[in-house]
Structure formats: C-alpha cells, structure tokens
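Work through the exercises below with the model open. Try each task before reading its solution.

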Amino acid sequence: MVFRFLSRFSTPRSDRRSEPRGARLDGLVSIDGCDYPLRDWSRRGFSATRYRAEHYPGDKVDMTVRVELDDEALEFSCEAVVVWVDRDRREIAGVFTRLDMSVQERIMTAIFSRAQKSGLDTGADKAALHV
C-alpha cells in the first residue's frame, strides 16, 4: 500500500485526456484580469503557464480565451472549473463549462486543420494529438 502511494510520484502517468488538443499555438487565457499563455487546449478545456493566482481545484472562474489562428483570431468568454494547479511549475488546467457549440466546433476545426497542414495523422485513435 505504501509502495503504491510512493509510485504515484515516480511513475509517469499515462495521459487520460480523451479529446484531441492543440499545443503549438499563440494564445492567452485571461483570468481575473491577468493573461496567461496557453500551453494546450481542446474543445473541453485548457492548460496555461506562468500562473500566479490563488485558485484551487473545483473553483469556478470566469475567463476569456484568445487564440491567433491562421486566418483570424478566435476570442470567446466562458466559465471554467479548475482541475489542477501546479504552483511549483506555475501551471493551471481547467475544463470549460457553458461553452457554445459553435465555439467548440471552431476549436476542433483549428486543431485539425493545423494537424493536416503539419502532415500529422488525425485519426480517431489519436486522441493525444499535439499540434
């Protein structure tokens, strides 16, 4: 039992996220008036770096997301629930709530069009797509 607990800190965890996500992007998340660079995103959530506020998992935050796409900027406001915060690495991740379906479609279109331009396979079995 103790070994299982300690192995959580030394064994890399497999990525459990089921949504394809984009990682190579120029975007910001604005929470409480502060901008944080996006690390990656999907139609369901985000992670951001350089985080320095005091939120905790389970907190609801109002936020604005701005991403520069090839043809135009995508900007939307939404609510998110904080999933985790790593204060040492200054990162935060959350899931979007009450996100309009048209915004979700634009996010997925942006992720997959960037993948196709990069020549990556976008098959359904590639849920951990990083583009």
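## Exercise 1: A strand covered on both sides

Take strand β3, residues 45-48, and decide which residues sit on each face and whether they are buried or exposed.

Solution. The model is a predicted one.
- Step 1: sort the side chains. In a regular strand, side chains alternate between the two faces of the sheet.
- Step 2: assign the faces. Gly45 and Ser47 lie on one side of β3, Phe46 and Ala48 on the other.
- Step 3: apply the cut-off. Buried means under 20% relative accessible area.
- Step 4: conclude. Gly45, Phe46, Ser47 and Ala48 are all buried, and both faces of β3 are covered.

## Exercise 2: The neighbours of β3

Find how many bridges join β3 to β2, and how many join β3 to β6.

Solution.
- Step 1: start with β2, residues 34-41. Three bridges join β2 to β3, and the two strands run antiparallel.
- Step 2: pick out a bridge. Leucine 38 has alanine 48 of β3 as its bridge partner.
- Step 3: check the connection. β2 and β3 form a hairpin, with three residues between them.
- Step 4: turn to β6, residues 91-97. Here four bridges pair β6 with β3, again in the antiparallel sense.
- Step 5: pick out a bridge there too. Serine 47 is partnered by alanine 93 in β6.

## Exercise 3: From strands to barrel

List the elements along the chain, then give the order in which the strands close into a barrel.

Solution.
- Step 1: count. The chain holds two helices and six strands.
- Step 2: read from the N terminus. The elements run α-β-β-β-β-β-β-α.
- Step 3: follow the pairing. The barrel order is β1-β2-β3-β6-β5-β4, with antiparallel pairing.
- Step 4: add the twist. Neighbouring strands of this sheet are turned by 45° against each other on average, direction ignored.
- Step 5: inspect the pair β1 and β4. Six bridges pair β1 with β4 (residues 60-68), in the antiparallel sense. Leucine 28 stands opposite arginine 66 in β4.

## Exercise 4: Positive phi in two loops

Aspartate 32 and arginine 98 each have a positive phi. Locate both, and say whether aspartate 32 and arginine 98 are buried or exposed.

Solution.
- Step 1: take aspartate 32. Its phi is near 55°, and the residue is not glycine. Aspartate 32 lies in the loop between β1 (26-31) and β2.
- Step 2: use its relative accessible area. At 58%, aspartate 32 is exposed, because the exposed class begins over 50%.
- Step 3: take arginine 98. Phi is near 55° here too, in a residue other than glycine. Arginine 98 sits in the loop between β6 and α2 (101-118).
- Step 4: apply the cut-off again. Arginine 98 has 73% relative accessibility, so it counts as exposed.

## Exercise 5: Surface and interior

Classify valine 83 and glutamate 91 by accessibility, and name a contact or patch for each.

Solution.
- Step 1: place valine 83. It belongs to strand β5, residues 73-86.
- Step 2: classify. Valine 83 is partly exposed, because its relative accessibility is 43%.
- Step 3: find the patch. Val83, Trp84 and Val95 make a nonpolar surface patch of about 220 Å².
- Step 4: place glutamate 91. It is found in strand β6.
- Step 5: classify. Glutamate 91 has a relative accessible area of 9%, so it is buried.
- Step 6: find the contact. The side chains of glutamate 91 and arginine 89 are joined by a polar contact of 2.7 Å.
- Step 7: set the scale. Of the 131 residues in the chain, 40% are buried.

Key: Residues are numbered from 1 along each chain as its sequence is written. This is a predicted model: local features need pLDDT of at least 70, side-chain atom pairs count only at pLDDT 80 or more; totals for chains, interfaces and linings use all residues. Side-chain values use heavy atoms; hydrogens and water are left out. Buried means under 20% relative accessible area, exposed over 50%, partly exposed in between (1.4 Å probe, protein chains only). Two strands pair if DSSP finds at least two bridges between them. Axes are lines fitted to C-alpha atoms, for helices over the stretch in contact, and angles run from 0 to 180 degrees between N-to-C directions. Patches are made of residues with over 30% relative accessible area and no salt bridge: like charges are joined within 9 Å, nonpolar side chains (Val, Leu, Ile, Met, Phe, Trp, Tyr) within 5 Å. Accessible areas come from the Shrake-Rupley method with a 1.4 Å probe; for residues, only the protein chains shown count as cover. A salt bridge is a side-chain nitrogen of Lys or Arg within 4 Å of a carboxyl oxygen of Asp or Glu. A polar contact is a pair of N or O atoms within 3.5 Å; within protein, one must be able to donate a hydrogen and the other to accept it, and residues adjacent in sequence count only if both atoms are side-chain atoms.
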